[in-house]
Amino acid sequence: MKSTKAIIEKTKKFGANNYDPTEVVFSEAEGVWVTDPEGNKYIDMLSAYSAVSHGHKHPRIIEAAKKQMEKVTLTSRAFHNDVLGDFYELLAELTDKNMILPMNTGAEAVETAIKCARKWGMEVKGVEDGNQEIIACNGNFHGRTTAIVSMSSEEAYKKGYGPLNPGFKLIDYGSIDQLEKAITPNTVAFIMEPIQGEGGIIVPPEGFMKKAAAICKENQVLLIADEVQTGFARTGKMFASMWEEVSPDMYVLGKALGGGVFPVSAVAADKSILGVFTPGSHGSTFGGNPLGCAIAVEAMKVMKEDNYVEMAQEKGTYFMSELRKLKNPHIVEVRGKGLLIGLAFDHPAAPYCDALKEEGVLAHETHETVIRFAPPIVITKEEIDWAMERIKKVINQI
Ligand code: PLP
């Protein structure tokens, strides 16, 4: 067995330098626990940014994957497969939308939503092609493609990648006033995360999304909810938009849809919107592949049958109340919903994350000063207690 050191050396030798991972190697994982090559055990409090909500290697999802692998794994969309319909049906039911478009990564689903909104804008709203405008929020994170980084407010995501896409406007996250002012006759969509994940677990003022939905409706503007990170029970509702009783015009979904096993993403909307796509106007070789569909179908069934919504709400409330008992004068706030929690400091959070790793707790900072805790939704109270003991030791002592 290769050592952690040798593995990291090789990874660094040949790998592009676009990430700076914590020096831990996952060589095995199960549930909330991961093991490195030396046999050290860690609790995973990040769960691949919510993609491992079911925990590592959920037995039902692994079984579904194995079964499908024995049958057929890839067809491309040039042919039909016998799992895609089931995937559509389940996701349509969960989102209460009647049309689904499958992709693979979150960024591809966001791209799909952008293209759909622009095409809808031209064909339905009557905006001249090339003039369509989309409003996004400062602090957003919607992925890494060139179109998507064009609507980012983060310099590091954009610098050097010009020419960027025109047609995006930014407003402050949570500002209804700015949203109203930004809308023009050419506005086709407003895209937002119900809680900004990468932006530092930012919860907008209560009522923002509901008011935004009403304004969008009044102005014939599509509301796109990017629920790639907040979707599928993570925040204690099946979709975080539901906290505000909002049914967005388009859901952008990914991460946990793949059950922690496979990249599966999708856009869910009604036919009056997603129906603008026609054969040849958009696509993906891998999107809707039978292996991904079988995995996603089982992932959604598990979420429903095991009531992940209630699990995330219950465990999230408990975990957050324990975090609020921490005694460190540099803590500014404990915020979030369900099991998407940010522990915000008034100084860099990275040293805490490094010290937590030494204690066997894997968490990552976001936006320098915030520790994001987003463990698998299957985490038990005992496992939270195990982690809290170590979190207390580290946070109260540094
Ligand atoms: N949208 C949101 C809200 C995200 O948090 C992310 C990833 O973190 C993405 C989109 C992009 O997803 P992916 O990394 O799968 O392309």
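A nitrogen atom of the ligand sits 2.7 Å from an N or O atom in the side chain of Asp-226. That contact is a good place to enter this model, which is predicted, and the ligand site is where we stay for a moment.

## The ligand and its shell

Two further polar contacts involve oxygen atoms of the ligand. One such oxygen is 2.9 Å from a polar backbone atom of Gly-106, and a polar side-chain atom of Lys-255 lies 2.8 Å from an oxygen of the ligand. The table puts the three contacts side by side.

| Ligand atom | Protein partner | Distance |
|---|---|---|
| nitrogen | Asp-226, N or O atom in the side chain | 2.7 Å |
| oxygen | Lys-255, polar side-chain atom | 2.8 Å |
| oxygen | Gly-106, polar backbone atom | 2.9 Å |

How much of the ligand does the protein bury? Taken alone, the ligand exposes 390 Å², and 81% of that is buried by the protein.

The residues that surround the ligand include a run of Thr-105, Gly-106 and Ala-107, and another of Phe-141, His-142 and Gly-143. Glu-193, Glu-198, Asp-226, Val-228, Gln-229 and Lys-255 are also part of these surroundings. By class, the shell has three nonpolar, five polar and four charged residues.

## A cavity and a pocket that share strand 4

Now to the empty space. The structure holds one cavity of 30 Å³ or more, and the volume of the largest cavity is about 40 Å³. Its lining is made of Phe-87, Pro-102, Met-103, Asn-104, Pro-263, Val-264, Phe-286, Gly-288, Asn-289, Gly-292 and Cys-293. Strand 4 (99-103) and helix 11 (290-305) are the elements that give two or more residues to this lining. What charged residues does the lining of the largest cavity have? There are none: the lining has seven nonpolar and four polar residues.

The second largest pocket offers about 400 Å³ of space. Of the 19 residues that line this pocket, Arg-77, Tyr-88, Ile-100, Leu-101 and Pro-102 lie nearest its centre. Pro-102 also appears in the lining of the largest cavity. Which element gives the most to the lining of the second largest pocket? Strand 4 does, with five residues; helix 4 (84-95) also supplies at least two. By class, this lining divides into ten nonpolar, eight polar and one charged residue.

## Strands and their turns

Strands of a sheet pair through backbone hydrogen bonds, either parallel or antiparallel. Here, four strands form an open sheet of mixed pairing, in the order 1-2-3-13. At its edges are strand 1 (28-30) and strand 13 (361-362), each of which pairs on one side only.

Inside that order, strand 2 (residues 33-35) and strand 3 run antiparallel and are joined by three bridges. Val-34 stands opposite Tyr-42 in strand 3. The hairpin of strand 2 and strand 3 has five residues between the strands, and Gly-39 in this hairpin takes a positive phi near 90°. On to the next pair: strand 3 (residues 41-44) and strand 13 pair in the parallel sense, over two bridges. Asp-44 has Leu-362 of strand 13 as its bridge partner.

Another pair is formed by strand 11 (residues 331-337) and strand 12 (residues 340-345), antiparallel over six bridges. Ile-331 has Phe-345 of strand 12 as its bridge partner. The hairpin of strand 11 and strand 12 has two residues between the strands, and Gly-338 in this hairpin has a positive phi near 55°.

## Two backbone details to check

Most residues other than glycine have a negative phi, and most peptide bonds are trans. Two places in the model depart from these habits.

Where does the residue with a positive phi near 60° lie? Asp-96, a residue other than glycine, has this value, and its place is in the loop between helix 4 and strand 4. Both of those elements also supply residues to the lining of the second largest pocket.

The other detail is a cis peptide bond, which joins Gly-162 and Pro-163 with omega about 0°. Pro-163 is found in the loop between helix 7 (155-158) and strand 6 (168-171).

Key: Residues are numbered from 1 along each chain as its sequence is written. This is a predicted model: local features need pLDDT of at least 70, side-chain atom pairs count only at pLDDT 80 or more; totals for chains, interfaces and linings use all residues. Side-chain values use heavy atoms; hydrogens and water are left out. On a 1 Å grid over the protein atoms alone, a cavity is a set of points where a 1.4 Å probe fits but cannot get out, and a pocket is an open set with protein on both sides within 12 Å along at least five of seven lines; lining residues have an atom within 4 Å of a point. Grid points are joined across faces, edges and corners, and a volume is the space filled by probe spheres set on the points. Ala, Val, Leu, Ile, Met, Phe, Trp, Tyr, Cys and Pro count as nonpolar, Asp, Glu, Lys and Arg as charged, and the others, Gly among them, as polar. Two strands pair if DSSP finds at least two bridges between them. A residue is near a molecule or strand if one of its heavy atoms lies within 4 Å of it. A polar contact is a pair of N or O atoms within 3.5 Å; within protein, one must be able to donate a hydrogen and the other to accept it, and residues adjacent in sequence count only if both atoms are side-chain atoms. Accessible areas come from the Shrake-Rupley method with a 1.4 Å probe; for residues, only the protein chains shown count as cover.
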